[in-house]
Amino acid sequence: MNDSKLVQRFIRYITTPTQSDDTSKTVPSTPTQHVLAKMLGQELRDLGLSDVKVTEHAYVTAKLPGNNPTAPCIGLIAHIDTALEVTDDTVNPRIVENYDGTPIVLDKGGTTVLSPDAFPSLKDHIGSDLIVTDGTTLLGADDKAGIAEIMTAVEYLKDHPEISRGDVAVCFCPDEEIGHGASLLDLKDFGAQFAYTVDGTGSDTFNWETFNAARADYHIQGLAVHPGSSKNKMVNANLLAAELIDAFPPAETPSHTEDREGFYHLCEMTGGVEEAELHYIIRDHDRQKFESRKAFAELVARQMNERFGREVVTVSVSDQYANMADVLREKPEIVDTALQAMKDCGITPQVIPVRGGTDGSQLSLRGLPTPNLFTGGYNAHGKYEYAVIQSMEGAVKVLCRIVELFGKR
């Protein structure tokens with residue numbers, strides 16, 4: 001069994017529950033995130049990093065002092081929480097050594113199988129060592145693999161003072177999975193000139209583009225009347241909701257789009273005859289197309305109201321995050337150096353636009369340019385999640401090489 005510090009850290013983190021809660025009004029959204037935050041803070045102190053802070057909101061920050069005063073301060077960021085779809089209460093990981101390419105039975109009953117037929121990425125890791133679940137929980141590689149990799153990288157850099165480097169600022173933040181992420185990170189105190197989130201899927205991916213994102217919340221006001229005497233009186237909010245849904249282009253949904261194709265996504269709907277509520281998210285990489293999509297979402301409501309001659313539908317469209325490429329295009333050295341570091345470590349970069357957002361989306365627009373690096377994790381947010389140990393080790397090497405490349409400037 002692999003006994004590296006990296007794997008030991010990762011297993012320690014994933015067996016500490018930190019699932020976020022999108023119904024909570026607090027930050028962090030769950031008290032378990034405080035537990036891991038305090039653990040990470042102590043570990044950073046034990047590693048000898050300076051200015052270690054664990055805030056009341058479960059932000060963990062620290063600094064590894066550099067030895068080259070002319071080199072930039074680089075931020076390394078990952079998130080503490082895990083996704084909502086599947087529990088992380090009792091993660092019971094298992095290491096599959098020298099994976100042979102056959103299906104992996106995860107649970108004791110033999111009903112949950114991680115198969116290369118369903119998950120072809122497994123075929124790329126024959127001969128590698130995998131960390132898998134027991135088929136009842138998610139694994140937590142998103143993003144505890146990133147935390148373990150950052151911890152291991154800063155320990156390596158500290159133990160190798162011969163590597164010229166600037167300061168390295170570390171941040172582990174809460175509630176990324178519910179859209180909060182690094183919003184309360186004090187950028188001035190953090191001190192980085194730019195940063196990298198370590199939160200990407202796969203073994204060779206690099207992301208510097210994300211969606212532009214907005215939400216559209218519709219309220220439909222109907223009129224309930226006894227159905228036996230409702231002719232020319234009843235306005236059924238449910239039927240209006242169906243009409244509203246039909247107004248959106250059916251081919252522009254998540255299940256019909258890929259790469260840089262945007263979409264409208266109906267996430268939730270509730271209602272009855274009297275009232276109905278619909279919640280959409282709107283996504284596009286292209287800013288102009290994104291603005292057109294938001295305008296269309298408002299047009300749908302306006303046209304329905306014009307047809308009724310009164311306001312039966314109200315809509316609120318609000319931005320959520322923006323494409324970090326709009327910032328990073330102006331800072332090409334941040335992207336180019338990371339890609340060079342990957343190549344120097346024997347990794348051919350797969351530059352992929354994120355069909356979602358990262359903490360880097362928010363941070364880039366706040367003035368801290370922050371692209372995203374791979375973690376070695378696959379199938380996030382579910383019980384088929386797994387991590388490739390060799391790919392995690394590769395992520396550590398890339399982080400160290402990025403710091404080294406900027407340290408030579």
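Two strands are taken to pair if DSSP finds at least two bridges between them. Helices (H or I, at least four residues) and strands (E, at least two) are DSSP runs, numbered from the N terminus. The structure is a predicted model, in which local features need pLDDT of at least 70 and side-chain atom pairs count only at pLDDT 80 or more, whereas totals for chains, interfaces and linings use all residues. Residues are numbered from 1 along each chain as its sequence is written, and side-chain values use heavy atoms, with hydrogens and water left out.

An open sheet of four strands, paired in the antiparallel sense, follows the order β12-β13-β11-β14. The edges are held by β12 (263-271) and β14, each with a single partner strand, so one side of each lacks a neighbour in the sheet. Direction ignored, neighbouring strands are turned by 15° against each other on average; here axes are lines fitted to C-alpha atoms, for helices over the stretch in contact, and angles run from 0 to 180 degrees between N-to-C directions.

Strand β11 (residues 212-221) is joined to β13 (residues 275-284) by ten bridges, with I220 opposite A276. Eight bridges link β11 to β14 (residues 313-321), and A213 has Y321 as its bridge partner there. Antiparallel pairing of β12 with β13 likewise involves eight bridges, and F263 is partnered by R283 in β13. Helix α5 (residues 237-247) packs on the sheet and touches β11, β12, β13 and β14, its direction making about 15° with that of β13. Helix α6 (residues 287-308) also packs on the sheet, touching β11, β12, β13 and β14, and its direction makes about 165° with that of β14. Contact means heavy atoms within 4.5 Å.

Two packed helices are described by the angle and the distance between their axes. The axes of α1 (residues 5-14) and α2 (residues 32-47) come within 11 Å and cross at roughly 155°. This makes α1 roughly antiparallel to α2, a term used for angles over 145 degrees. In the contact, R9, R12 and Y13 of α1 meet L36, M39, L40, E43 and L47 of α2. These residues divide into five nonpolar, no polar and three charged, where Ala, Val, Leu, Ile, Met, Phe, Trp, Tyr, Cys and Pro count as nonpolar, Asp, Glu, Lys and Arg as charged, and the others, Gly among them, as polar.

Terms used. Angles under 35 degrees count as roughly parallel, over 145 as roughly antiparallel, 65 to 115 as roughly perpendicular and the rest as oblique.
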